[in-house]
Amino acid sequence: MKRTLLLAITLTAAIATLAGQTNNGHPDLSGTWLFSIDLPPIALKKQTNGQTSIKGIDASGRRPAAEKVAGALPFTAAPVYKPELRAKVKDLLDHESKTDQVFYCGRPGVPRIGPPRRIIQLPSEVVFLYEDISGDPYRVIPTDGRPHKKDGNPSYYGDSVGRWDGNTLVVDVVNFVEDTWFGEDGYFHSDAMHVTERFWRSGPNLVYQVTVDDPKVLTTPWTMAPRVVKPSTEPLEESPKCVEADSKLLVNNDHHGQR
Amino acid sequence: MRRVLLAAVMLLAGSSPVLAHHSTTAEFDMAHRMTLSGTLTKIDWVNPHIVVFIDAKSTDGGGKAAWKFESNPPAWFRRVGVSRADFAKAIGQTVTVEGNRAKDGSLYGYLLKITYADGNSLELVVPGGDR
(Lines give C-alpha, C1' and ligand atoms only; values in the text may rest on other atoms or scores of the structure.)
Protein backbone atom coordinates (compact mmCIF):
# COMPACT_ATOMS: atom_id res chain seq x y z
CA MET A 1 0.00 0.00 0.00
CA LYS A 2 2.81 2.29 0.98
CA ARG A 3 4.51 1.50 -2.29
CA THR A 4 1.36 2.27 -4.27
CA LEU A 5 0.95 5.57 -2.47
CA LEU A 6 4.53 6.53 -3.15
CA LEU A 7 4.11 5.64 -6.80
CA ALA A 8 0.93 7.70 -7.00
CA ILE A 9 2.62 10.71 -5.44
CA THR A 10 5.58 10.39 -7.78
CA LEU A 11 3.33 10.09 -10.81
CA THR A 12 1.23 13.04 -9.71
CA ALA A 13 4.34 15.16 -9.28
CA ALA A 14 5.65 14.06 -12.66
CA ILE A 15 2.36 14.82 -14.39
CA ALA A 16 2.14 18.17 -12.64
CA THR A 17 5.65 19.00 -13.73
CA LEU A 18 4.91 18.02 -17.30
CA ALA A 19 1.85 20.22 -17.23
CA GLY A 20 3.85 23.11 -15.82
CA GLN A 21 2.12 22.94 -12.44
CA THR A 22 3.90 23.06 -9.12
CA ASN A 23 2.64 21.14 -6.13
CA ASN A 24 0.89 24.13 -4.65
CA GLY A 25 -1.30 24.38 -7.74
CA HIS A 26 0.34 27.35 -9.38
CA PRO A 27 1.87 27.12 -12.83
CA ASP A 28 5.59 26.56 -12.72
CA LEU A 29 7.45 29.46 -14.27
CA SER A 30 10.81 28.11 -13.21
CA GLY A 31 13.38 27.67 -15.89
CA THR A 32 15.92 29.30 -18.11
CA TRP A 33 14.44 31.48 -20.80
CA LEU A 34 15.69 32.83 -24.09
CA PHE A 35 18.00 35.85 -23.93
CA SER A 36 15.55 38.61 -24.81
CA ILE A 37 17.61 41.76 -25.01
CA ASP A 38 18.19 43.24 -28.44
CA LEU A 39 21.00 41.68 -30.38
CA PRO A 40 21.96 42.38 -33.96
CA PRO A 41 19.51 40.47 -36.19
CA ILE A 42 22.33 39.35 -38.40
CA ALA A 43 24.29 36.17 -38.76
CA LEU A 44 27.88 35.07 -38.51
CA LYS A 45 29.52 33.52 -41.54
CA LYS A 46 32.42 31.40 -40.49
CA GLN A 47 35.04 30.03 -42.88
CA THR A 48 37.06 27.23 -41.34
CA ASN A 49 39.49 25.24 -43.43
CA GLY A 50 37.41 25.72 -46.54
CA GLN A 51 34.11 24.92 -44.82
CA THR A 52 31.46 27.62 -44.54
CA SER A 53 28.89 27.81 -41.80
CA ILE A 54 26.34 30.51 -41.08
CA LYS A 55 24.67 30.92 -37.73
CA GLY A 56 22.06 33.45 -36.68
CA ILE A 57 20.33 34.23 -33.42
CA ASP A 58 16.80 33.83 -32.11
CA ALA A 59 15.51 37.30 -31.25
CA SER A 60 11.89 36.26 -30.85
CA GLY A 61 11.78 37.03 -27.14
CA ARG A 62 12.55 40.67 -27.72
CA ARG A 63 9.77 41.32 -30.19
CA PRO A 64 6.07 41.70 -29.51
CA ALA A 65 4.28 38.42 -30.01
CA ALA A 66 3.67 37.76 -33.68
CA GLU A 67 0.28 36.21 -33.06
CA LYS A 68 -2.55 36.77 -30.65
CA VAL A 69 -1.68 35.42 -27.22
CA ALA A 70 -4.37 33.83 -25.08
CA GLY A 71 -4.75 35.63 -21.78
CA ALA A 72 -3.11 38.85 -22.93
CA LEU A 73 -4.54 42.21 -21.96
CA PRO A 74 -5.51 44.71 -24.67
CA PHE A 75 -2.47 46.80 -25.54
CA THR A 76 -1.42 49.86 -27.50
CA ALA A 77 1.74 50.79 -29.38
CA ALA A 78 2.76 53.76 -27.28
CA PRO A 79 2.02 55.52 -23.98
CA VAL A 80 -0.05 58.68 -23.92
CA TYR A 81 1.68 61.51 -22.06
CA LYS A 82 -0.04 64.56 -20.71
CA PRO A 83 -0.13 67.20 -23.44
CA GLU A 84 2.25 69.54 -21.65
CA LEU A 85 4.90 66.78 -21.42
CA ARG A 86 4.87 65.54 -25.00
CA ALA A 87 7.47 68.06 -26.13
CA LYS A 88 9.80 66.78 -23.43
CA VAL A 89 9.39 63.20 -24.65
CA LYS A 90 10.16 64.31 -28.20
CA ASP A 91 13.20 66.26 -27.08
CA LEU A 92 14.56 63.28 -25.14
CA LEU A 93 13.94 61.06 -28.13
CA ASP A 94 15.56 63.52 -30.53
CA HIS A 95 18.68 63.60 -28.37
CA GLU A 96 18.53 60.00 -27.30
CA SER A 97 22.23 59.36 -27.75
CA LYS A 98 22.90 62.13 -25.24
CA THR A 99 19.99 61.67 -22.85
CA ASP A 100 19.48 57.93 -22.51
CA GLN A 101 21.41 56.51 -19.57
CA VAL A 102 21.29 53.04 -21.09
CA PHE A 103 23.51 54.36 -23.90
CA TYR A 104 26.10 55.07 -21.23
CA CYS A 105 25.94 51.60 -19.66
CA GLY A 106 23.25 52.70 -17.21
CA ARG A 107 20.84 50.24 -15.67
CA PRO A 108 17.67 49.85 -17.71
CA GLY A 109 15.51 49.22 -14.65
CA VAL A 110 12.04 47.68 -14.69
CA PRO A 111 10.36 47.24 -17.10
CA ARG A 112 12.96 48.06 -19.72
CA ILE A 113 15.17 45.13 -18.82
CA GLY A 114 12.44 42.81 -20.04
CA PRO A 115 11.76 39.25 -18.92
CA PRO A 116 14.32 37.46 -16.76
CA ARG A 117 16.75 34.93 -18.14
CA ARG A 118 16.03 32.59 -15.30
CA ILE A 119 13.16 32.16 -12.88
CA ILE A 120 13.42 30.17 -9.67
CA GLN A 121 9.97 29.69 -8.24
CA LEU A 122 9.74 28.86 -4.54
CA PRO A 123 6.66 28.40 -2.35
CA SER A 124 6.67 31.94 -0.97
CA GLU A 125 8.87 33.86 -3.39
CA VAL A 126 10.18 33.91 -6.92
CA VAL A 127 13.71 34.81 -7.89
CA PHE A 128 14.46 36.52 -11.20
CA LEU A 129 17.99 36.44 -12.62
CA TYR A 130 19.02 38.63 -15.52
CA GLU A 131 21.87 39.08 -17.97
CA ASP A 132 22.31 42.69 -18.97
CA ILE A 133 25.10 44.78 -20.44
CA SER A 134 24.97 47.06 -17.39
CA GLY A 135 25.46 44.12 -15.03
CA ASP A 136 23.46 41.07 -14.05
CA PRO A 137 20.76 42.09 -11.59
CA TYR A 138 18.50 39.83 -9.59
CA ARG A 139 15.14 40.33 -7.98
CA VAL A 140 13.71 38.37 -5.04
CA ILE A 141 9.95 38.82 -5.13
CA PRO A 142 7.79 37.69 -2.21
CA THR A 143 4.53 35.97 -3.10
CA ASP A 144 3.31 35.41 0.44
CA GLY A 145 0.88 38.30 0.50
CA ARG A 146 3.09 40.84 2.21
CA PRO A 147 2.66 44.50 1.20
CA HIS A 148 5.31 46.76 -0.32
CA LYS A 149 8.03 47.98 2.01
CA LYS A 150 7.12 51.21 3.71
CA ASP A 151 10.63 52.58 4.10
CA GLY A 152 12.55 51.19 1.15
CA ASN A 153 14.93 53.32 -0.85
CA PRO A 154 14.06 54.02 -4.49
CA SER A 155 15.91 51.75 -6.89
CA TYR A 156 16.28 50.86 -10.56
CA TYR A 157 14.39 47.60 -10.22
CA GLY A 158 11.93 48.90 -7.64
CA ASP A 159 10.15 47.18 -4.80
CA SER A 160 8.26 44.12 -6.02
CA VAL A 161 5.53 41.96 -4.55
CA GLY A 162 3.91 39.10 -6.40
CA ARG A 163 0.56 37.36 -6.29
CA TRP A 164 -1.23 34.79 -8.34
CA ASP A 165 -4.24 35.74 -10.40
CA GLY A 166 -5.40 32.38 -11.66
CA ASN A 167 -2.54 31.03 -13.71
CA THR A 168 -0.82 34.39 -14.00
CA LEU A 169 1.92 35.66 -11.73
CA VAL A 170 1.28 39.35 -11.22
CA VAL A 171 4.26 41.34 -9.99
CA ASP A 172 3.53 44.79 -8.66
CA VAL A 173 6.54 47.13 -8.68
CA VAL A 174 6.89 50.60 -7.15
CA ASN A 175 9.52 52.91 -5.63
CA PHE A 176 11.77 53.59 -8.59
CA VAL A 177 14.57 56.07 -9.06
CA GLU A 178 13.57 58.66 -11.63
CA ASP A 179 16.48 58.49 -14.04
CA THR A 180 15.37 55.47 -16.03
CA TRP A 181 13.07 55.36 -19.02
CA PHE A 182 10.37 52.72 -19.37
CA GLY A 183 10.87 52.62 -23.12
CA GLU A 184 13.59 53.65 -25.50
CA ASP A 185 11.68 56.47 -27.14
CA GLY A 186 12.21 58.99 -24.39
CA TYR A 187 9.62 57.47 -22.11
CA PHE A 188 10.61 59.17 -18.88
CA HIS A 189 8.65 58.71 -15.68
CA SER A 190 8.23 60.18 -12.23
CA ASP A 191 8.64 58.77 -8.75
CA ALA A 192 5.01 57.70 -8.97
CA MET A 193 5.62 55.07 -11.64
CA HIS A 194 3.81 51.84 -10.91
CA VAL A 195 4.66 48.83 -13.03
CA THR A 196 2.63 45.66 -13.25
CA GLU A 197 4.35 42.69 -14.82
CA ARG A 198 2.35 39.62 -15.78
CA PHE A 199 3.87 36.21 -16.39
CA TRP A 200 2.11 33.09 -17.53
CA ARG A 201 2.81 29.91 -19.40
CA SER A 202 1.73 29.23 -22.95
CA GLY A 203 2.67 25.65 -23.57
CA PRO A 204 6.44 25.43 -23.19
CA ASN A 205 6.83 29.21 -23.43
CA LEU A 206 6.71 32.08 -20.98
CA VAL A 207 4.50 35.06 -21.75
CA TYR A 208 5.46 38.48 -20.41
CA GLN A 209 3.27 41.56 -20.50
CA VAL A 210 3.76 44.90 -18.78
CA THR A 211 1.51 47.75 -17.76
CA VAL A 212 3.01 51.09 -16.74
CA ASP A 213 1.03 53.63 -14.81
CA ASP A 214 2.31 57.02 -13.80
CA PRO A 215 -0.46 59.50 -13.03
CA LYS A 216 2.04 62.35 -12.87
CA VAL A 217 3.04 62.00 -16.51
CA LEU A 218 0.57 59.71 -18.34
CA THR A 219 -3.07 60.31 -19.07
CA THR A 220 -3.85 56.63 -18.70
CA PRO A 221 -1.96 53.41 -17.87
CA TRP A 222 -0.07 51.94 -20.81
CA THR A 223 -0.15 48.22 -21.48
CA MET A 224 2.51 46.97 -23.87
CA ALA A 225 2.25 44.13 -26.36
CA PRO A 226 2.92 40.69 -24.84
CA ARG A 227 6.17 38.93 -25.56
CA VAL A 228 6.48 35.18 -25.89
CA VAL A 229 9.76 33.86 -24.55
CA LYS A 230 10.96 30.38 -25.46
CA PRO A 231 12.70 28.09 -23.01
CA SER A 232 16.46 27.97 -23.36
CA THR A 233 19.10 25.37 -22.61
CA GLU A 234 21.80 28.00 -22.57
CA PRO A 235 23.08 28.60 -19.04
CA LEU A 236 23.46 32.10 -17.65
CA GLU A 237 26.87 33.69 -17.97
CA GLU A 238 28.37 36.73 -16.30
CA SER A 239 28.10 39.72 -18.59
CA PRO A 240 31.37 41.44 -19.47
CA LYS A 241 31.79 44.94 -18.08
CA CYS A 242 30.29 47.79 -20.03
CA VAL A 243 32.63 50.42 -21.44
CA GLU A 244 30.93 53.16 -23.40
CA ALA A 245 33.22 54.33 -26.20
CA ASP A 246 30.98 55.67 -28.94
CA SER A 247 29.63 58.92 -27.58
CA LYS A 248 32.77 60.89 -28.37
CA LEU A 249 32.61 59.70 -31.98
CA LEU A 250 29.09 60.85 -32.71
CA VAL A 251 29.00 63.68 -35.20
CA ASN A 252 25.28 64.42 -34.93
CA ASN A 253 22.15 63.49 -32.99
CA ASP A 254 21.04 60.65 -35.23
CA HIS A 255 19.48 57.95 -33.13
CA HIS A 256 21.75 55.25 -32.01
CA GLY A 257 18.94 53.27 -30.49
CA GLN A 258 18.79 51.36 -27.27
CA ARG A 259 16.01 49.07 -26.19
CA MET B 1 21.57 47.13 -26.82
CA ARG B 2 19.66 48.05 -29.90
CA ARG B 3 22.54 50.35 -30.66
CA VAL B 4 24.57 47.35 -31.68
CA LEU B 5 21.65 45.73 -33.41
CA LEU B 6 21.02 48.74 -35.54
CA ALA B 7 24.63 49.50 -36.00
CA ALA B 8 25.21 46.13 -37.51
CA VAL B 9 22.15 46.20 -39.71
CA MET B 10 22.91 49.61 -41.06
CA LEU B 11 26.52 48.85 -41.61
CA LEU B 12 25.69 45.75 -43.55
CA ALA B 13 22.90 47.40 -45.43
CA GLY B 14 24.78 50.51 -46.41
CA SER B 15 22.79 53.66 -45.87
CA SER B 16 19.43 52.12 -46.63
CA PRO B 17 16.84 53.61 -44.28
CA VAL B 18 14.52 50.71 -44.90
CA LEU B 19 16.02 48.23 -42.51
CA ALA B 20 16.22 50.35 -39.42
CA HIS B 21 14.53 53.31 -37.82
CA HIS B 22 17.64 54.13 -35.85
CA SER B 23 20.93 54.58 -37.56
CA THR B 24 24.64 54.70 -37.03
CA THR B 25 25.03 57.53 -39.48
CA ALA B 26 26.16 59.57 -36.54
CA GLU B 27 29.30 57.53 -36.15
CA PHE B 28 30.42 55.46 -39.12
CA ASP B 29 30.87 55.99 -42.84
CA MET B 30 28.57 53.26 -43.99
CA ALA B 31 28.99 54.00 -47.66
CA HIS B 32 32.54 52.73 -47.71
CA ARG B 33 33.88 49.38 -46.62
CA MET B 34 37.56 49.65 -45.84
CA THR B 35 40.13 46.86 -45.72
CA LEU B 36 43.18 46.93 -43.49
CA SER B 37 45.95 44.48 -42.67
CA GLY B 38 48.07 44.57 -39.56
CA THR B 39 49.04 42.83 -36.37
CA LEU B 40 46.29 41.87 -33.97
CA THR B 41 47.52 43.17 -30.62
CA LYS B 42 44.62 42.96 -28.18
CA ILE B 43 40.98 41.99 -27.73
CA ASP B 44 38.68 43.77 -25.26
CA TRP B 45 35.74 41.46 -24.60
CA VAL B 46 33.48 44.21 -23.26
CA ASN B 47 29.94 45.51 -23.64
CA PRO B 48 28.32 46.99 -25.55
CA HIS B 49 30.86 46.17 -28.28
CA ILE B 50 33.92 43.98 -28.35
CA VAL B 51 37.01 45.89 -29.45
CA VAL B 52 39.77 44.53 -31.70
CA PHE B 53 43.12 46.34 -31.70
CA ILE B 54 45.20 46.29 -34.87
CA ASP B 55 48.64 47.78 -35.46
CA ALA B 56 48.89 48.62 -39.13
CA LYS B 57 51.51 50.41 -41.14
CA SER B 58 51.05 54.12 -41.10
CA THR B 59 49.97 55.56 -44.42
CA ASP B 60 52.29 58.56 -44.04
CA GLY B 61 55.34 56.34 -44.32
CA GLY B 62 57.14 54.74 -41.41
CA GLY B 63 55.68 54.00 -38.01
CA LYS B 64 52.58 52.20 -36.87
CA ALA B 65 48.98 53.21 -36.89
CA ALA B 66 47.09 51.84 -33.90
CA TRP B 67 43.57 51.07 -35.06
CA LYS B 68 40.58 49.99 -32.99
CA PHE B 69 37.57 48.22 -34.43
CA GLU B 70 34.46 47.65 -32.40
CA SER B 71 32.00 44.98 -33.40
CA ASN B 72 28.90 43.25 -32.13
CA PRO B 73 28.29 42.70 -28.41
CA PRO B 74 29.75 39.77 -26.51
CA ALA B 75 26.25 38.34 -26.04
CA TRP B 76 25.81 38.18 -29.82
CA PHE B 77 29.14 36.51 -30.42
CA ARG B 78 28.37 34.02 -27.67
CA ARG B 79 25.13 33.07 -29.36
CA VAL B 80 26.68 32.55 -32.74
CA GLY B 81 29.31 30.35 -31.18
CA VAL B 82 32.30 32.68 -31.06
CA SER B 83 34.29 33.39 -27.91
CA ARG B 84 37.10 35.76 -27.07
CA ALA B 85 39.53 32.90 -27.64
CA ASP B 86 38.52 32.74 -31.30
CA PHE B 87 40.02 36.20 -31.69
CA ALA B 88 42.74 35.99 -29.07
CA LYS B 89 44.36 32.98 -30.73
CA ALA B 90 45.60 35.35 -33.41
CA ILE B 91 47.16 37.96 -31.13
CA GLY B 92 50.58 38.72 -32.53
CA GLN B 93 49.64 37.49 -35.98
CA THR B 94 48.83 39.40 -39.14
CA VAL B 95 45.12 39.68 -39.85
CA THR B 96 43.02 41.46 -42.41
CA VAL B 97 39.91 43.28 -41.29
CA GLU B 98 37.06 44.85 -43.22
CA GLY B 99 34.80 47.45 -41.74
CA ASN B 100 33.44 50.97 -41.77
CA ARG B 101 35.57 53.83 -40.56
CA ALA B 102 34.48 56.39 -38.00
CA LYS B 103 33.25 59.61 -39.56
CA ASP B 104 35.43 61.76 -37.36
CA GLY B 105 38.49 60.42 -39.15
CA SER B 106 39.99 58.70 -36.13
CA LEU B 107 41.63 55.30 -36.45
CA TYR B 108 38.41 53.61 -35.42
CA GLY B 109 35.90 51.46 -37.24
CA TYR B 110 33.15 48.88 -37.06
CA LEU B 111 34.50 45.43 -37.81
CA LEU B 112 32.51 43.42 -40.34
CA LYS B 113 35.03 40.74 -41.20
CA ILE B 114 38.31 39.42 -39.91
CA THR B 115 40.51 37.03 -41.88
CA TYR B 116 43.31 35.23 -40.11
CA ALA B 117 46.69 34.29 -41.48
CA ASP B 118 45.50 30.74 -42.12
CA GLY B 119 42.69 31.98 -44.35
CA ASN B 120 39.91 31.26 -41.88
CA SER B 121 37.51 34.13 -41.29
CA LEU B 122 34.56 35.46 -39.32
CA GLU B 123 32.11 37.77 -41.04
CA LEU B 124 28.89 39.54 -40.13
CA VAL B 125 26.27 38.83 -42.79
CA VAL B 126 22.60 39.50 -43.38
CA PRO B 127 20.64 36.30 -42.66
CA GLY B 128 19.64 34.68 -45.91
CA GLY B 129 21.78 37.09 -47.86
CA ASP B 130 25.10 35.34 -48.09
CA ARG B 131 27.27 38.14 -49.40
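**Exercise 1. Burial and contacts in chain A**

Determine what percentage of the 259 residues in chain A is buried, and describe the secondary structure and contacts of the chain.

*Solution.* Step 1. In this predicted model, buried residues account for 34% of the 259 residues in chain A. Step 2. The chain contains three helices and twelve strands. Step 3. Consider the contacts in chain A between residues at least 6 apart in sequence: 60% of them join residues at least 24 apart.

**Exercise 2. Two loop residues**

Decide whether G114(A) is buried or exposed, and do the same for E27(B).

*Solution.* Step 1. Locate G114(A): this residue is in the loop between α3 (96-99) and β4 (118-121) of chain A. Step 2. Apply the cut-off, by which a residue is buried if 20 or more other C-beta atoms lie within 10 Å of its own. G114(A) has 22 C-beta neighbours inside 10 Å and therefore counts as buried. Step 3. Leaving aside neighbours within four places in sequence, G114(A) is in contact with S36(A) and I37(A). Its C-alpha atom is separated by 9.9 Å from that of D132(A), 18 residues apart along the chain.

Step 4. Turn to E27(B), which lies in the loop between α1 (2-12) and β1 (34-44) of chain B. Because 29 other C-beta atoms lie within 10 Å, E27(B) is buried. Step 5. Not counting residues up to four places away in sequence, E27(B) touches D246(A), L249(A) and L250(A) in chain A, together with A102(B) and K103(B) in chain B. The C-alpha atoms of E27(B) and S106(B) are 11 Å apart, although 79 residues separate the two along the chain.

**Exercise 3. The pairing of β2(A)**

Identify which strands pair with β2(A), and in which sense.

*Solution.* Step 1. Within chain A, β2(A) is joined by five bridges to β3 (residues 51-55), and the two run antiparallel. One position to inspect is K45(A), which stands opposite I54(A) in β3(A). Step 2. The hairpin of these strands has two residues between them, and N49(A) takes a positive phi near 50°. Step 3. Strand β2 (residues 43-48) of chain A also pairs with β6 (residues 121-125) of chain B, in the antiparallel sense over five bridges. Here the bridge partner of Q47(A) is S121(B).

**Exercise 4. The nonpolar core**

State which residues touch the most other members of the largest nonpolar core.

*Solution.* Step 1. In soluble globular proteins, nonpolar side chains tend to be buried together. Step 2. The largest nonpolar core has 65 residues, of which F199(A), L206(A), V52(B), F69(B) and L111(B) touch the most other members. Step 3. Beyond four places in sequence, the contacts of F199(A) include L29(A), L169(A) and L206(A).

Definitions and conventions
Residues numbered from 1 in each chain as written. Chains lettered and ligands numbered in written order. Predicted model: local features only at pLDDT ≥ 70, side-chain atom pairs only at ≥ 80, totals over all residues. Helix = DSSP H or I, 4+ residues; strand = E, 2+ residues; numbered from the N terminus. Buried ≥ 20, exposed ≤ 12 C-beta atoms within 10 Å, placed from the backbone. Contact = placed C-beta atoms within 7 Å. Core = buried A, V, L, I, M, F, W, Y, C linked by C-beta atoms within 7 Å. Pairing = 2+ DSSP bridges.
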